[in-house]
Amino acid sequence: MRLAAATAATTSPKQVRSGFEQLLGLHTLFAVRQMRSVVAATPDFGQAAGASLQQNTDGLSGLVASAYGGTQADRFTQLWQRHLADLVSYAKGVAGKDTSATQTARAALLADADAYGSWLAGASSGRVQARAAAAGVRMHVEELMRQADAYAARDYQQAYRVEREAYEHMFTAGAALAKASVTPEVAVGLDTPPEKLRSAFAMLLGEHMELIVDTQRATFAGSPEFDAAAGQVNANTTALTKAMGAIVGPQKAAEFQTAWANHVEGLLDYTAAVAGNDQAAKTVTKQNLDGFAERLGLFLSDIVKNVLAADPLTDAITAHDTHLINHVDAYAAKDYTRAQQMELEGYQQMLGVANTLVGAIQRTVKPQLPVGGSKTGGGAMACRRR
């Protein structure tokens, strides 16, 4: 199911918040990858990434229409499309080592941030100040430019670290954008502990999916890039473990970390087998992944006191693995359109897992906000081992 189509039926403020979080987080990742395709001169992949970015923009426009009305959605779409074009212009300047072009694109991107701030101030009937809204988008474009600069300089550690931060900032900005569309009395309901818990797990599980995608692709790019991407996967695992620890305690969290790390390593083992065209290793690693999924299903069922049975949870983890297996198979075959589709479907599926798991946690464990992930939020955006 395309996310753009899914937003058409979105009506409740909580659904609007969830939709904005998902779409803004994905916008960041798709923009990062399109910019890097320009820098690395990989136009075939860039075309597929650009198509995903446009689909994401269509989804955002539809959700803005749902929250703010059709007229405001038209205005948003116009300024957002300009934002996308200016990001590509910046990447082209970086690729060509054209300082003048990058300075021009930077100025345009900062102007785009100001235009967004003015738009949201009007669309929200003054519930958000233009200056505050513009500051969030300014942070967003600065991060996207910084990661492109780092990627071009082959400072992959910096590039992937900034990418993860940028994703988290824009994901959390979704709540502010949703709250700006409703009255203060309604907005309060979007800040309850259950909503914050759902949002935090959705962000981290979606981030896990996307960082594995990054690392799978980086396997084909060479060791330095792979190591940088894998480092962020490890950072995400640490954040997820802290989130679990805040709810179920350190002992159970340590159990989770071991099971989750095995799951991650299994996915990267499969990726290595694909890169090496080792059919026997692919078969073995798939079997290992099935075992890891079963153990994770049992663990997750146990922490929610069997409110959720182990088998459906095992099936959900297996579906997640299947998306990533299909993704790397398609990417290795240079079928980038299918790779992008597997990525999107896998991201959406992980968000469903987060919602289901958090619902069970709420029924069985005293609600607490998880620890982990960036604390900076979107604020001004109103926005293996080898």
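Helices here are DSSP runs of at least four residues, numbered from the N terminus. The views below all come from a predicted model.

**View A. Tyrosine 116 and tryptophan 119 pair up in helix H5.** Helix H5 covers residues 99-123, and because tyrosine 116 and tryptophan 119 sit three residues apart in it, about one helical turn separates them. Their ring centres are 5.5 Å apart and their planes meet at 50 degrees, so this pair goes down as tilted. For that label, the planes have to be neither under 30 degrees apart (stacked) nor over 60 (edge-to-face). Both tyrosine 116 and tryptophan 119 are buried.

**View B. Zoom out a little from View A and there's a ring cluster.** Ring pairs tie Tyr116 and Trp119 into a cluster with Tyr68, Phe76 and Trp80. If you go looking through the whole structure, the count of aromatic pairs comes to 13.

**View C. Helix H7 has a tilted pair too, made by tyrosine 167 and phenylalanine 171.** The centres of these two rings lie 5.8 Å apart, with 50 degrees between the planes. Tyrosine 167 and phenylalanine 171 are four residues apart in H7, which means about one helical turn lies between them. Tyrosine 167 has a relative accessible area of 2%, so it counts as buried. Phenylalanine 171 is buried as well, at 0% relative accessibility.

**View D. Arginine 36 parks its charged end over a tyrosine ring.** The ring belongs to tyrosine 160, and the charged end of arginine 36 sits 4.5 Å from the ring's centre.

**View E. The largest cavity is a wholly nonpolar affair.** The space inside amounts to about 70 Å³. Two or more lining residues come from each of helix H9 (193-219), helix H10 (223-248), helix H11 (250-275) and helix H14 (336-364). H14 chips in the most, with three residues. To find the spot, look for Phe201, Leu205, Leu240, Met244, Phe256, Trp260, Leu300, Ile317, Met350, Val353 and Leu357, which make up the lining. Sort that lining by class and you get eleven nonpolar residues, with no polar and no charged ones.

**View F. In the second largest cavity, charged residues join the lining.** This cavity has a volume of about 40 Å³. Around it are Leu29, Glu163, Arg164, Tyr167, Glu207, Glu210 and Leu211. By class, that's four charged, three nonpolar and no polar residues. Helix H7 (156-179) and H9 each provide at least two of the lining residues. You've already met one of the names on the list: Tyr167 is also half of the aromatic pair with phenylalanine 171.

**View G. The largest pocket draws its lining from several helices.** Its volume is about 680 Å³. There are 26 lining residues, and the ones closest to the pocket centre are Ala40, Thr42, Tyr151, Ala221 and Tyr331. At least two residues apiece come from helix H2 (13-39), helix H3 (43-68), helix H6 (130-152), H7, H9, H10 and helix H13 (310-332). H2 gives the most, with four residues. The mix is 15 nonpolar, eight charged and three polar residues.

Note on methods. Residues are numbered from 1 along each chain as its sequence is written. This is a predicted model: local features need pLDDT of at least 70, side-chain atom pairs count only at pLDDT 80 or more; totals for chains, interfaces and linings use all residues. Side-chain values use heavy atoms; hydrogens and water are left out. On a 1 Å grid over the protein atoms alone, a cavity is a set of points where a 1.4 Å probe fits but cannot get out, and a pocket is an open set with protein on both sides within 12 Å along at least five of seven lines; lining residues have an atom within 4 Å of a point. Grid points are joined across faces, edges and corners, and a volume is the space filled by probe spheres set on the points. Ala, Val, Leu, Ile, Met, Phe, Trp, Tyr, Cys and Pro count as nonpolar, Asp, Glu, Lys and Arg as charged, and the others, Gly among them, as polar. Rings of Phe, Tyr and Trp (its six-membered ring) pair if their centres lie within 6.5 Å; planes under 30 degrees apart count as stacked, over 60 as edge-to-face and the rest as tilted. Buried means under 20% relative accessible area, exposed over 50%, partly exposed in between (1.4 Å probe, protein chains only). A charge sits over a ring if NZ of Lys or CZ of Arg is within 6 Å of the ring centre and within 35 degrees of the ring normal.
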